[in-house]
Amino acid sequence: MKEIALITGASSGIGYEIAKLFATDKTDLLIVARDEKRLIEIKKEFEEKFKVDVFTVAADLSSNEGPKNIYQAVNSNKLTVNYLVNNAGFGDYGPFTGRSMEKYKEMIQLNIVSLTELSYHFGKEMLMSGKGRILNVASMAGLQPDPNFAVYGATKAYVISVSEAIHKEFENTGVTVTVLSPGATASNFMERADMNNAKLYASGVMTSLDVAREGYNGMMKGKLHVIPGFKNKILGFFSGIMPPGKLRLSVAAKIMAEK
Ligand SMILES: NC(=O)c1ccc[n+]([C@@H]2O[C@H](COP(=O)([O-])OP(=O)(O)OC[C@H]3O[C@@H](n4cnc5c(N)ncnc54)[C@H](OP(=O)(O)O)[C@@H]3O)[C@@H](O)[C@H]2O)c1
């Protein structure tokens, strides 16, 4: 069995940079996105530059079938997923009823359902082998409700909540779960979310590489939360997920414990 890092949304932005960090550290990869041509370009780039094996899966993770394509590739190539990075995601900016319901459903399927399914499937295998790391990409938008970004913010609040809970459940198993919550970051995200007129991106953005690096390092250390960038860390502190959040999580774990 070949041990690999599986990264969704690796064709651009933060996911591409995370994939490159793995390749730099000589970890073989399975990269996933819809744009097959771009995935093959990345495969060539990384295989030549970093001498690693790169498997690709072109899949739409906003459809029910998406994760099945990944399981097929993992099984037929005899791969073991040691690292899972659930990074693929998108937003859609504007008043709640002013945007498309169809798009909201796709967003929920991608940002929530596929992320949960992949964490469940590979989390279970990691627990059986007693090792593994999961990195789920949330957002600062998940730290509070977001008028004009209501559904996106709610999907990311879910990612933070589910990641915190399974991080706690998996303690002392050898499997870690980390949640990365970036603020405004330069990538294709803003354009795709139709956010050109949003104030958010006018007050400075981080590079995808800087965000990826903090996420990657945090995951390797098995941290619970990673909020990249000084300004975002300050905001995160006041949101209650930073140190006080750990206490909240421990209390919740005690309340929800089995008899
Ligand atoms: N940029 C920001 O300001 C920001 C801030 C906070 C959080 N985030 C989060 O960071 C993550 C990465 O976003 P990014 O900023 O790097 O944006 P990006 O450049 O748009 O990258 C998104 C990635 O997800 C893939 N993807 C999108 N829809 C998909 C689908 N249906 N099925 C499979 N793959 C899909 C895209 O590839 P294809 O189009 O080829 O499928 C691409 O590789 C997302 O979860 C996003 O919510 C971003």
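**Sheet architecture and ligand shell**

In this predicted model, seven strands form an open sheet in the order S3-S2-S1-S4-S5-S6-S9, and their pairing is parallel. The edges of the sheet are strand S3 (54–58) and strand S9 (225–226), each of which pairs on one side only. Within the sheet, strand S1 (residues 2–8) and strand S2 (residues 29–33) run parallel and are joined by four bridges. Thr-8 has Val-32 of S2 as its bridge partner.

Two of the helices that lie against these strands are described here. Helix H5 (residues 150–169) packs on the sheet, where it touches S5 and strand S6 (175–180). The direction of H5 makes about 155 degrees with that of S6. Helix H1 (13–24) lies across S1, S2, strand S4 (79–86) and strand S5 (132–137). Relative to S1, H1 runs at about 160 degrees.

The ligand is surrounded by 30 residues. Gly-9, Gly-13, Arg-34, Asp-35 and Gly-89 are the closest of these. Two elements, helix H1 (13–24) and helix H6 (189–192), give two or more residues to the shell around the ligand. The largest contribution comes from H1, which gives three residues. H1 thus appears in both parts of the description: it lies across S1, S2, S4 and S5, and it gives the most residues to the ligand shell. By residue class, the shell divides into 15 polar, eleven nonpolar and four charged residues.

Note on methods
Residues are numbered from 1 along each chain as its sequence is written. This is a predicted model: local features need pLDDT of at least 70, side-chain atom pairs count only at pLDDT 80 or more; totals for chains, interfaces and linings use all residues. A residue is near a molecule or strand if its C-beta atom, placed from the backbone, lies within 6 Å of it. Ala, Val, Leu, Ile, Met, Phe, Trp, Tyr, Cys and Pro count as nonpolar, Asp, Glu, Lys and Arg as charged, and the others, Gly among them, as polar. Two strands pair if DSSP finds at least two bridges between them. Two residues are in contact if their C-beta atoms, placed from the backbone, lie within 7 Å. Axes are lines fitted to C-alpha atoms, for helices over the stretch in contact, and angles run from 0 to 180 degrees between N-to-C directions.
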